[in-house]
Amino acid sequence: HALWVQAGYSWSESYLFTLKRYLNTAVYEVDFTQNPNMARDSINDWTSEKTNNIINDVIPNDSIDQFTKMVLSNTLALKTGWKSPFLVKDTSLLPFALPSGDYIDVPTMNQINEYHITQDEHYVSVILPLQGKLDMVIVLPNEGRMNFIKNRLNPNFWTDINSKSEPHLIDLHLPKFNFTTEVTLNNHLIDSDLHQLFTSKL
């Protein structure tokens, strides 16, 4: 955790002490008012260092300005591997279907192994064990069912997959991939006990 506060602004000493002692939160003074871009760079550099360069731009351009007084940053990065690694020699270029219906050749990993799978009229899923106690769940919608599956992505859906999955020996072909995503948590925080952060009563 790190708390970035406007330099020279009056902050409750007991609040800062609590953050440091019980949450191990470092407190840094930056100048949002005069140089918001430099403050942004400081936060992003700190995040990059703490995550070994996995997360580099947690604060995007124009997300803070001269009116910003405080930023609370938390970092969480996971770097792990497959429990049963895919071998480089088994990776080859294979056709991949795009939502448009077109096909492109992409590097595709391959492995014959026993995996837990779930299948119904809407999708097929496979659970890929990672190193440690984590799993990755890959869901492949059936043709024309992409939007249907997207609208079902909630905790009950994942619980349903886990409860219905059964082990099968399968010849798995999985395209190599990477992705990034941004999530705005405002509405979730407003619905929680932190709702006062988004009011003028704070």
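# Pockets, sheet and exposure

Mentor: Strand β3 gives four residues to the lining of the largest pocket, the most of any element. This is a predicted model: local features need pLDDT of at least 70, side-chain atom pairs count only at pLDDT 80 or more, and totals for chains, interfaces and linings use all residues. Residues are numbered from 1 along each chain as its sequence is written, and side-chain values use heavy atoms, with hydrogens and water left out.

Trainee: What makes a run of residues a strand or a helix?

Mentor: DSSP runs decide: E over at least two residues is a strand, H or I over at least four is a helix, and numbering starts at the N terminus. β3 covers 70–73 and α1 covers 13–23. Both pass, so the names hold.

Trainee: What makes a space a pocket rather than a cavity?

Mentor: Openness. On a 1 Å grid over the protein atoms alone, a cavity is a set of points where a 1.4 Å probe fits but cannot get out. A pocket is an open set, with protein on both sides within 12 Å along at least five of seven lines. A lining residue has an atom within 4 Å of a point. By that rule, 46 residues line the largest pocket, and I55, V58, N74, V183 and L185 are the closest to its centre.

Trainee: What is the volume of the largest pocket?

Mentor: About 2,600 Å³. Grid points are joined across faces, edges and corners, and the volume is the space filled by probe spheres set on them. The second largest pocket has about 1,600 Å³.

Trainee: How do you know how many residues of the largest pocket's lining are nonpolar, polar or charged?

Mentor: By residue type. Ala, Val, Leu, Ile, Met, Phe, Trp, Tyr, Cys and Pro are nonpolar; Asp, Glu, Lys and Arg are charged; the others, Gly among them, are polar. The largest pocket's lining has 28 nonpolar, 13 polar and five charged residues. For the second largest pocket the split is 24 nonpolar, nine polar and five charged.

Trainee: Which residues lie nearest the centre of the second largest pocket?

Mentor: I138, V139, L140, P141 and M146, out of 38 that line that pocket. β7 supplies the largest share, six residues.

Trainee: What makes β6 and β7 a pair?

Mentor: Strands pair if DSSP finds at least two bridges between them. β6 and β7 have seven and run antiparallel. Seven passes the cut-off, so they pair. One bridge partner of Y123 is P141 in β7. Five residues separate the strands in this hairpin, and G132 takes a positive phi near 90°.

Trainee: Why are β2 and β3 called edge strands?

Mentor: The sheet is open, ordered β2-β1-β3, with mixed pairing. β2 and β3 each have a single partner strand, so one side of each lacks a neighbour in the sheet. From one strand to the next the twist averages 20°. β1 and β2 pair in the parallel sense over five bridges, and W4 stands opposite Y28 in β2.

Trainee: How do you know at what angle α1 runs to β1?

Mentor: Axes are lines fitted to C-alpha atoms, for helices over the stretch in contact, and angles run from 0 to 180 degrees between N-to-C directions. Here the angle is about 155°, with α1 lying across β1, β2 and β3. Helix α2 touches those three strands too (contact means heavy atoms within 4.5 Å), and makes about 170° with β1.

Trainee: Why is N52 called exposed?

Mentor: Under 20% relative accessible area is buried, over 50% is exposed, and partly exposed lies in between, using a 1.4 Å probe and protein chains only. N52 has 65%, so it counts as exposed. N53 has 54%, so it is exposed as well. N52 is in the loop between α2 and β3, with a positive phi near 55°. N53 lies in the loop between α2 and β3, with phi near 70°.

Trainee: Is N110 buried or exposed?

Mentor: Its value is 19%, under 20%, so N110 is buried. N110 sits in strand β5. Its contacts, leaving out residues up to four places away in sequence, are F86, D90, D171, L172 and H173. The C-alpha atoms of N110 and F86 are separated by 6.7 Å, though 24 residues apart along the chain.

Trainee: What makes L134 partly exposed?

Mentor: L134 has 40%, which falls in between the two cut-offs, so partly exposed is the right label. L134 is in the loop between β6 and β7. Setting aside residues up to four places away in sequence, L134 touches L78 and P129.
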